[in-house]
Amino acid sequence: MKACTLFLSFLAIGLLAGTPLRAQKAGEESDFIKTPLTTRFISEGATVGDVNRDGKPDVLAGAYWFEAPHWTPHELAKPDTFQVVGSYSDSFLDFAMDVNQDGWVDLIRIDWPGKPAYWHENPKGVGGHWPRHMIHSSVGNESPIFVDMDGDGREDLLCNDPTSKEVIWLKSPVQLGATSWTKFVISSQPDRATHMYTHGLGYGDIDGDGRKDVLVKNGWWKGPDDIYNGQWTFTEADLGQDCSQMYVLDLNGDGRNDVLSASAHAYGIWWHEQGINAQGEATWKHHLIDSTYSQTHGLALADINGDGHIDFVTGKRYFAHSGKDPGGKEPAVIYWYAYQPGKTPRWKRHLIDQDSGVGLHVTIEDLNKDGKPDVVTGNKKGVRVFIQK
(Lines give C-alpha, C1' and ligand atoms only; values in the text may rest on other atoms or scores of the structure.)
Protein backbone atom coordinates (compact mmCIF):
# COMPACT_ATOMS: atom_id res chain seq x y z
CA MET A 1 0.00 0.00 0.00
CA LYS A 2 2.85 2.38 0.87
CA ALA A 3 4.55 1.66 -2.45
CA CYS A 4 1.31 2.34 -4.31
CA THR A 5 0.77 5.60 -2.40
CA LEU A 6 4.33 6.72 -3.16
CA PHE A 7 3.85 5.94 -6.85
CA LEU A 8 0.60 7.90 -7.03
CA SER A 9 2.17 10.80 -5.14
CA PHE A 10 5.00 11.12 -7.66
CA LEU A 11 2.55 10.67 -10.52
CA ALA A 12 0.36 13.47 -9.18
CA ILE A 13 3.21 15.96 -9.09
CA GLY A 14 4.49 14.93 -12.50
CA LEU A 15 7.87 13.64 -11.38
CA LEU A 16 7.94 10.23 -13.00
CA ALA A 17 10.64 9.94 -15.64
CA GLY A 18 9.24 9.83 -19.15
CA THR A 19 10.07 7.78 -22.20
CA PRO A 20 13.08 9.04 -24.15
CA LEU A 21 11.94 11.50 -26.82
CA ARG A 22 13.78 12.36 -29.98
CA ALA A 23 14.20 16.11 -30.39
CA GLN A 24 11.94 17.65 -32.99
CA LYS A 25 13.54 18.64 -36.24
CA ALA A 26 14.28 22.27 -36.97
CA GLY A 27 15.86 21.82 -40.36
CA GLU A 28 18.30 19.28 -38.98
CA GLU A 29 18.45 16.06 -37.00
CA SER A 30 19.49 16.22 -33.37
CA ASP A 31 22.53 14.28 -32.20
CA PHE A 32 20.87 13.78 -28.80
CA ILE A 33 17.95 11.84 -27.34
CA LYS A 34 15.90 13.76 -24.74
CA THR A 35 14.51 12.18 -21.60
CA PRO A 36 12.32 14.40 -19.39
CA LEU A 37 12.83 13.67 -15.68
CA THR A 38 9.98 16.01 -14.81
CA THR A 39 7.96 18.57 -16.75
CA ARG A 40 7.25 20.59 -13.60
CA PHE A 41 9.07 23.77 -12.67
CA ILE A 42 11.22 22.73 -9.69
CA SER A 43 14.56 24.43 -10.39
CA GLU A 44 16.47 26.56 -12.88
CA GLY A 45 19.56 24.43 -12.55
CA ALA A 46 20.56 20.77 -12.41
CA THR A 47 23.72 18.87 -11.61
CA VAL A 48 25.12 15.34 -11.66
CA GLY A 49 26.57 13.10 -8.95
CA ASP A 50 26.48 9.48 -7.84
CA VAL A 51 24.15 10.01 -4.88
CA ASN A 52 23.74 6.36 -3.81
CA ARG A 53 27.25 5.18 -4.80
CA ASP A 54 26.01 2.53 -7.21
CA GLY A 55 28.39 3.66 -9.94
CA LYS A 56 25.68 5.39 -11.97
CA PRO A 57 25.55 9.21 -12.19
CA ASP A 58 22.30 10.60 -10.82
CA VAL A 59 20.73 14.02 -11.43
CA LEU A 60 20.08 16.55 -8.65
CA ALA A 61 17.80 19.57 -9.08
CA GLY A 62 16.29 21.71 -6.36
CA ALA A 63 14.45 19.60 -3.79
CA TYR A 64 14.90 16.33 -5.69
CA TRP A 65 17.44 13.82 -6.88
CA PHE A 66 16.66 11.47 -9.75
CA GLU A 67 18.09 7.99 -9.46
CA ALA A 68 19.73 6.48 -12.54
CA PRO A 69 19.17 4.60 -14.73
CA HIS A 70 15.37 5.01 -14.65
CA TRP A 71 15.49 8.50 -13.14
CA THR A 72 13.32 7.62 -10.14
CA PRO A 73 12.60 10.83 -8.17
CA HIS A 74 13.44 11.20 -4.48
CA GLU A 75 12.87 14.21 -2.25
CA LEU A 76 16.00 15.61 -0.60
CA ALA A 77 14.23 18.67 0.84
CA LYS A 78 10.68 19.87 1.31
CA PRO A 79 9.43 20.73 -2.19
CA ASP A 80 7.53 23.84 -3.10
CA THR A 81 5.20 24.78 -5.95
CA PHE A 82 6.48 27.36 -8.43
CA GLN A 83 4.43 29.02 -11.14
CA VAL A 84 5.90 29.35 -14.62
CA VAL A 85 4.40 32.82 -15.11
CA GLY A 86 5.17 35.38 -12.44
CA SER A 87 7.11 33.09 -10.11
CA TYR A 88 10.66 31.93 -9.47
CA SER A 89 12.12 28.87 -7.78
CA ASP A 90 14.35 28.67 -4.72
CA SER A 91 16.98 26.83 -6.76
CA PHE A 92 18.71 28.94 -9.40
CA LEU A 93 21.92 26.92 -9.71
CA ASP A 94 22.89 23.46 -8.44
CA PHE A 95 26.36 21.98 -8.01
CA ALA A 96 27.49 18.61 -6.68
CA MET A 97 30.53 17.77 -4.55
CA ASP A 98 31.46 15.83 -1.43
CA VAL A 99 31.61 18.89 0.83
CA ASN A 100 32.53 17.15 4.12
CA GLN A 101 34.59 14.44 2.41
CA ASP A 102 32.67 11.53 3.91
CA GLY A 103 32.59 9.69 0.59
CA TRP A 104 29.03 10.75 -0.33
CA VAL A 105 28.20 13.46 -2.84
CA ASP A 106 26.28 16.47 -1.49
CA LEU A 107 24.20 19.16 -3.20
CA ILE A 108 25.14 22.84 -3.30
CA ARG A 109 22.01 24.89 -3.94
CA ILE A 110 22.08 28.58 -4.91
CA ASP A 111 18.82 30.41 -4.20
CA TRP A 112 17.53 33.75 -5.53
CA PRO A 113 20.43 36.21 -6.02
CA GLY A 114 21.35 37.83 -2.73
CA LYS A 115 19.72 35.18 -0.55
CA PRO A 116 21.66 32.63 1.54
CA ALA A 117 23.22 29.66 -0.25
CA TYR A 118 23.17 26.22 1.34
CA TRP A 119 24.59 22.75 0.90
CA HIS A 120 22.47 19.68 1.56
CA GLU A 121 24.31 16.83 3.27
CA ASN A 122 23.83 13.38 1.76
CA PRO A 123 22.40 11.12 4.52
CA LYS A 124 24.42 8.15 3.23
CA GLY A 125 21.53 6.10 1.93
CA VAL A 126 19.34 6.48 5.02
CA GLY A 127 16.61 8.30 3.12
CA GLY A 128 14.48 11.27 4.05
CA HIS A 129 15.35 14.92 3.71
CA TRP A 130 19.00 15.90 3.69
CA PRO A 131 20.41 18.08 6.51
CA ARG A 132 20.94 21.65 5.31
CA HIS A 133 23.96 23.82 6.11
CA MET A 134 24.54 27.47 5.21
CA ILE A 135 27.44 28.31 2.91
CA HIS A 136 27.08 32.08 3.09
CA SER A 137 24.33 34.49 4.11
CA SER A 138 24.24 36.48 0.85
CA VAL A 139 25.32 35.05 -2.51
CA GLY A 140 24.75 37.32 -5.51
CA ASN A 141 25.51 37.65 -9.23
CA GLU A 142 23.18 35.75 -11.55
CA SER A 143 25.97 33.40 -12.66
CA PRO A 144 27.95 32.32 -9.58
CA ILE A 145 30.74 30.00 -10.63
CA PHE A 146 31.74 26.71 -9.01
CA VAL A 147 35.45 26.52 -9.77
CA ASP A 148 38.77 25.61 -8.13
CA MET A 149 40.03 29.06 -7.20
CA ASP A 150 43.27 28.11 -5.44
CA GLY A 151 44.32 24.96 -7.28
CA ASP A 152 43.89 22.59 -4.32
CA GLY A 153 41.75 20.19 -6.35
CA ARG A 154 38.48 21.19 -4.66
CA GLU A 155 35.96 23.53 -6.21
CA ASP A 156 35.01 26.80 -4.55
CA LEU A 157 32.24 29.34 -5.06
CA LEU A 158 32.94 32.62 -6.90
CA CYS A 159 30.18 35.23 -6.55
CA ASN A 160 29.43 38.57 -4.95
CA ASP A 161 27.95 39.55 -1.60
CA PRO A 162 25.27 42.20 -2.22
CA THR A 163 24.87 42.81 1.51
CA SER A 164 28.51 43.76 2.16
CA LYS A 165 28.92 45.13 -1.41
CA GLU A 166 31.90 42.89 -2.17
CA VAL A 167 33.08 40.53 -4.89
CA ILE A 168 34.15 37.40 -3.05
CA TRP A 169 35.12 33.77 -3.29
CA LEU A 170 34.15 31.13 -0.76
CA LYS A 171 36.69 28.39 -0.14
CA SER A 172 35.16 24.95 0.30
CA PRO A 173 36.07 22.95 3.43
CA VAL A 174 39.42 21.19 3.26
CA GLN A 175 39.64 19.19 6.46
CA LEU A 176 37.85 15.85 6.71
CA GLY A 177 34.47 16.42 8.34
CA ALA A 178 34.67 20.21 8.13
CA THR A 179 31.53 22.03 7.00
CA SER A 180 32.29 25.77 7.04
CA TRP A 181 33.30 27.83 4.00
CA THR A 182 35.92 30.60 4.25
CA LYS A 183 35.26 34.00 2.68
CA PHE A 184 37.97 35.86 0.75
CA VAL A 185 37.40 39.36 -0.64
CA ILE A 186 38.38 40.19 -4.22
CA SER A 187 36.92 43.70 -4.33
CA SER A 188 35.15 45.94 -1.82
CA GLN A 189 34.25 48.70 -4.27
CA PRO A 190 30.46 48.88 -3.86
CA ASP A 191 29.74 50.27 -7.34
CA ARG A 192 31.63 47.55 -9.20
CA ALA A 193 29.75 44.29 -9.94
CA THR A 194 28.28 43.97 -6.43
CA HIS A 195 24.57 44.28 -7.21
CA MET A 196 22.64 41.08 -6.56
CA TYR A 197 21.49 40.96 -10.20
CA THR A 198 24.94 41.53 -11.72
CA HIS A 199 25.12 39.64 -15.02
CA GLY A 200 28.34 38.02 -16.16
CA LEU A 201 31.22 36.38 -14.29
CA GLY A 202 34.29 34.40 -15.29
CA TYR A 203 37.63 33.06 -14.06
CA GLY A 204 40.63 32.76 -16.38
CA ASP A 205 44.03 34.13 -17.27
CA ILE A 206 43.29 37.35 -19.19
CA ASP A 207 46.82 38.79 -19.35
CA GLY A 208 48.76 35.55 -19.83
CA ASP A 209 50.84 35.82 -16.66
CA GLY A 210 49.97 32.30 -15.53
CA ARG A 211 47.58 33.43 -12.80
CA LYS A 212 43.83 33.35 -13.24
CA ASP A 213 41.84 36.56 -13.08
CA VAL A 214 38.21 37.34 -12.21
CA LEU A 215 36.28 39.01 -15.00
CA VAL A 216 32.96 40.82 -15.35
CA LYS A 217 31.57 42.67 -18.36
CA ASN A 218 33.25 45.96 -17.35
CA GLY A 219 36.75 44.60 -16.78
CA TRP A 220 38.81 42.20 -14.71
CA TRP A 221 40.65 41.82 -11.44
CA LYS A 222 44.25 40.65 -11.86
CA GLY A 223 44.94 37.50 -9.88
CA PRO A 224 47.55 38.07 -7.14
CA ASP A 225 50.54 35.89 -6.30
CA ASP A 226 48.90 35.06 -2.97
CA ILE A 227 45.25 34.33 -3.66
CA TYR A 228 44.44 34.27 0.06
CA ASN A 229 46.05 37.55 1.12
CA GLY A 230 47.11 39.35 -2.07
CA GLN A 231 45.59 42.44 -3.63
CA TRP A 232 43.34 42.09 -6.67
CA THR A 233 43.83 45.04 -9.06
CA PHE A 234 41.01 46.03 -11.41
CA THR A 235 41.49 46.94 -15.08
CA GLU A 236 38.65 48.60 -16.95
CA ALA A 237 37.72 46.79 -20.16
CA ASP A 238 34.75 46.47 -22.49
CA LEU A 239 33.96 42.77 -22.34
CA GLY A 240 30.52 43.03 -23.88
CA GLN A 241 26.95 43.22 -22.69
CA ASP A 242 25.09 41.69 -19.75
CA CYS A 243 25.73 37.97 -20.06
CA SER A 244 25.83 34.64 -18.28
CA GLN A 245 29.01 32.62 -17.69
CA MET A 246 32.19 34.07 -19.25
CA TYR A 247 35.09 31.92 -20.47
CA VAL A 248 38.70 32.85 -21.17
CA LEU A 249 40.55 31.06 -23.99
CA ASP A 250 42.66 31.86 -27.05
CA LEU A 251 40.10 31.48 -29.82
CA ASN A 252 42.07 32.76 -32.83
CA GLY A 253 45.47 31.29 -31.99
CA ASP A 254 47.33 34.59 -31.69
CA GLY A 255 48.71 33.86 -28.22
CA ARG A 256 46.35 36.25 -26.46
CA ASN A 257 43.36 35.00 -24.53
CA ASP A 258 39.90 36.07 -25.67
CA VAL A 259 36.50 35.92 -23.95
CA LEU A 260 33.36 33.96 -24.87
CA SER A 261 30.01 35.17 -23.54
CA ALA A 262 26.26 35.01 -24.28
CA SER A 263 23.42 37.45 -23.57
CA ALA A 264 21.40 36.58 -20.49
CA HIS A 265 18.16 38.31 -21.49
CA ALA A 266 18.52 39.69 -25.02
CA TYR A 267 19.96 38.39 -28.32
CA GLY A 268 23.60 37.60 -28.93
CA ILE A 269 26.44 35.12 -28.44
CA TRP A 270 29.89 36.63 -28.91
CA TRP A 271 33.59 36.14 -28.77
CA HIS A 272 35.56 39.16 -27.65
CA GLU A 273 38.95 39.36 -29.34
CA GLN A 274 41.86 40.67 -27.32
CA GLY A 275 44.32 42.83 -29.23
CA ILE A 276 47.03 45.30 -28.29
CA ASN A 277 47.49 48.95 -29.19
CA ALA A 278 50.64 51.02 -29.81
CA GLN A 279 50.94 51.76 -26.11
CA GLY A 280 50.95 48.04 -25.28
CA GLU A 281 47.47 48.16 -23.79
CA ALA A 282 44.83 45.51 -24.34
CA THR A 283 42.00 46.29 -26.77
CA TRP A 284 38.78 44.39 -27.31
CA LYS A 285 36.83 43.75 -30.52
CA HIS A 286 33.42 42.08 -30.38
CA HIS A 287 32.45 39.37 -32.87
CA LEU A 288 28.89 38.05 -33.12
CA ILE A 289 28.54 34.25 -33.26
CA ASP A 290 24.74 33.95 -33.24
CA SER A 291 21.76 36.26 -32.67
CA THR A 292 18.83 34.15 -33.85
CA TYR A 293 17.40 33.44 -30.38
CA SER A 294 17.55 35.16 -27.00
CA GLN A 295 18.03 34.61 -23.26
CA THR A 296 21.15 32.44 -23.39
CA HIS A 297 21.41 32.53 -19.61
CA GLY A 298 23.45 29.32 -19.36
CA LEU A 299 26.70 28.58 -21.21
CA ALA A 300 29.09 25.64 -20.78
CA LEU A 301 32.23 24.35 -22.53
CA ALA A 302 33.11 20.79 -23.50
CA ASP A 303 34.56 18.83 -26.42
CA ILE A 304 31.20 17.51 -27.60
CA ASN A 305 32.31 15.74 -30.79
CA GLY A 306 35.65 14.42 -29.55
CA ASP A 307 37.80 16.25 -32.10
CA GLY A 308 40.11 17.74 -29.47
CA HIS A 309 38.60 21.24 -29.68
CA ILE A 310 36.48 22.92 -27.02
CA ASP A 311 32.89 23.43 -28.15
CA PHE A 312 30.08 25.10 -26.21
CA VAL A 313 26.45 24.46 -25.30
CA THR A 314 23.79 27.08 -24.68
CA GLY A 315 20.10 27.75 -25.25
CA LYS A 316 17.12 29.82 -24.18
CA ARG A 317 16.24 30.27 -20.53
CA TYR A 318 12.53 29.72 -21.01
CA PHE A 319 10.32 32.51 -19.60
CA ALA A 320 13.16 34.06 -17.62
CA HIS A 321 10.94 37.09 -16.98
CA SER A 322 7.59 35.48 -17.79
CA GLY A 323 8.05 36.02 -21.53
CA LYS A 324 8.71 39.77 -21.23
CA ASP A 325 12.32 39.64 -22.46
CA PRO A 326 13.13 40.17 -26.16
CA GLY A 327 12.16 36.93 -27.91
CA GLY A 328 10.81 35.58 -24.64
CA LYS A 329 7.96 33.68 -26.28
CA GLU A 330 10.02 32.15 -29.07
CA PRO A 331 10.87 28.40 -29.01
CA ALA A 332 12.97 27.20 -26.07
CA VAL A 333 15.88 25.87 -28.12
CA ILE A 334 19.18 24.38 -27.02
CA TYR A 335 22.21 23.97 -29.30
CA TRP A 336 25.81 22.92 -29.25
CA TYR A 337 28.39 24.80 -31.30
CA ALA A 338 31.32 22.97 -32.88
CA TYR A 339 34.46 25.09 -32.72
CA GLN A 340 36.39 25.45 -35.98
CA PRO A 341 39.77 27.05 -35.17
CA GLY A 342 41.64 29.56 -37.29
CA LYS A 343 42.69 33.19 -37.46
CA THR A 344 38.99 33.85 -37.89
CA PRO A 345 37.41 31.14 -35.73
CA ARG A 346 33.96 29.87 -36.57
CA TRP A 347 31.35 27.72 -34.91
CA LYS A 348 28.93 25.29 -36.56
CA ARG A 349 25.59 25.16 -34.77
CA HIS A 350 23.93 21.81 -34.07
CA LEU A 351 20.43 21.29 -32.68
CA ILE A 352 20.02 19.48 -29.38
CA ASP A 353 16.32 20.25 -28.88
CA GLN A 354 13.78 22.96 -29.69
CA ASP A 355 11.34 22.56 -26.80
CA SER A 356 13.32 22.69 -23.55
CA GLY A 357 16.08 25.30 -23.33
CA VAL A 358 18.45 25.95 -20.43
CA GLY A 359 18.21 27.52 -16.99
CA LEU A 360 20.88 29.62 -15.33
CA HIS A 361 23.57 27.10 -16.18
CA VAL A 362 24.23 23.95 -18.19
CA THR A 363 25.75 20.70 -16.87
CA ILE A 364 27.77 18.50 -19.23
CA GLU A 365 28.66 14.97 -18.10
CA ASP A 366 29.06 11.53 -19.65
CA LEU A 367 25.99 9.97 -18.05
CA ASN A 368 26.07 6.55 -19.74
CA LYS A 369 29.88 6.26 -19.74
CA ASP A 370 30.17 5.77 -23.50
CA GLY A 371 32.88 8.39 -23.84
CA LYS A 372 30.53 11.03 -25.24
CA PRO A 373 29.47 14.09 -23.22
CA ASP A 374 25.78 14.37 -22.42
CA VAL A 375 23.80 17.43 -21.32
CA VAL A 376 21.57 18.09 -18.29
CA THR A 377 19.37 21.19 -17.87
CA GLY A 378 16.66 22.47 -15.58
CA ASN A 379 14.29 25.41 -16.06
CA LYS A 380 10.60 26.34 -16.08
CA LYS A 381 9.93 23.53 -18.55
CA GLY A 382 11.28 20.93 -16.11
CA VAL A 383 14.45 18.86 -15.84
CA ARG A 384 15.89 16.82 -18.70
CA VAL A 385 18.85 14.76 -19.78
CA PHE A 386 20.08 14.70 -23.38
CA ILE A 387 22.07 11.58 -24.22
CA GLN A 388 24.42 11.93 -27.17
CA LYS A 389 23.86 9.28 -29.81
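**View 1. The lining of the second largest cavity, sorted by residue class, in a predicted model.** By class, 7 of the residues that line the second largest cavity are nonpolar and 1 is charged, while no polar residue takes part. The lining is made up of Leu249, Leu251, Leu260, Leu301, Ile310, Asp311, Phe312 and Trp347, and the volume that these residues surround comes to about 40 Å³.

**View 2. The largest cavity and the residues around it.** A search of the whole structure finds 2 cavities of 30 Å³ or more, and the largest cavity has a volume of about 50 Å³. Its lining includes Ile42, Gly62, Ala63 and Tyr64, together with Lys78, Pro79, Asp80 and Phe82, and is completed by Asp90 and Arg109. Sorted by class, this lining of the largest cavity holds 5 nonpolar residues, 4 charged residues and 1 polar residue.

**View 3. Ser87 in its loop.** Ser87 is found in the loop that runs between strand 6, which covers residues 72-75, and strand 7, which covers residues 93-97. Ser87 counts as buried because its relative accessibility is 17%, which falls under the 20% cut-off for that class.

**View 4. The contacts of Ser87.** The side chain of Ser87 reaches the backbone nitrogen of Gln83, with a distance of 3.3 Å between them. When residues up to four places away in sequence are not counted, Ser87 touches Phe41, Phe82 and Lys380; among these, Phe82 also belongs to the lining of the largest cavity shown in View 2.

Conventions: Residues are numbered from 1 along each chain as its sequence is written. This is a predicted model: local features need pLDDT of at least 70, side-chain atom pairs count only at pLDDT 80 or more; totals for chains, interfaces and linings use all residues. Side-chain values use heavy atoms; hydrogens and water are left out. On a 1 Å grid over the protein atoms alone, a cavity is a set of points where a 1.4 Å probe fits but cannot get out, and a pocket is an open set with protein on both sides within 12 Å along at least five of seven lines; lining residues have an atom within 4 Å of a point. Grid points are joined across faces, edges and corners, and a volume is the space filled by probe spheres set on the points. Ala, Val, Leu, Ile, Met, Phe, Trp, Tyr, Cys and Pro count as nonpolar, Asp, Glu, Lys and Arg as charged, and the others, Gly among them, as polar. Helices (H or I, at least four residues) and strands (E, at least two) are DSSP runs, numbered from the N terminus. Buried means under 20% relative accessible area, exposed over 50%, partly exposed in between (1.4 Å probe, protein chains only). A polar contact is a pair of N or O atoms within 3.5 Å; within protein, one must be able to donate a hydrogen and the other to accept it, and residues adjacent in sequence count only if both atoms are side-chain atoms. Contact means heavy atoms within 4.5 Å.
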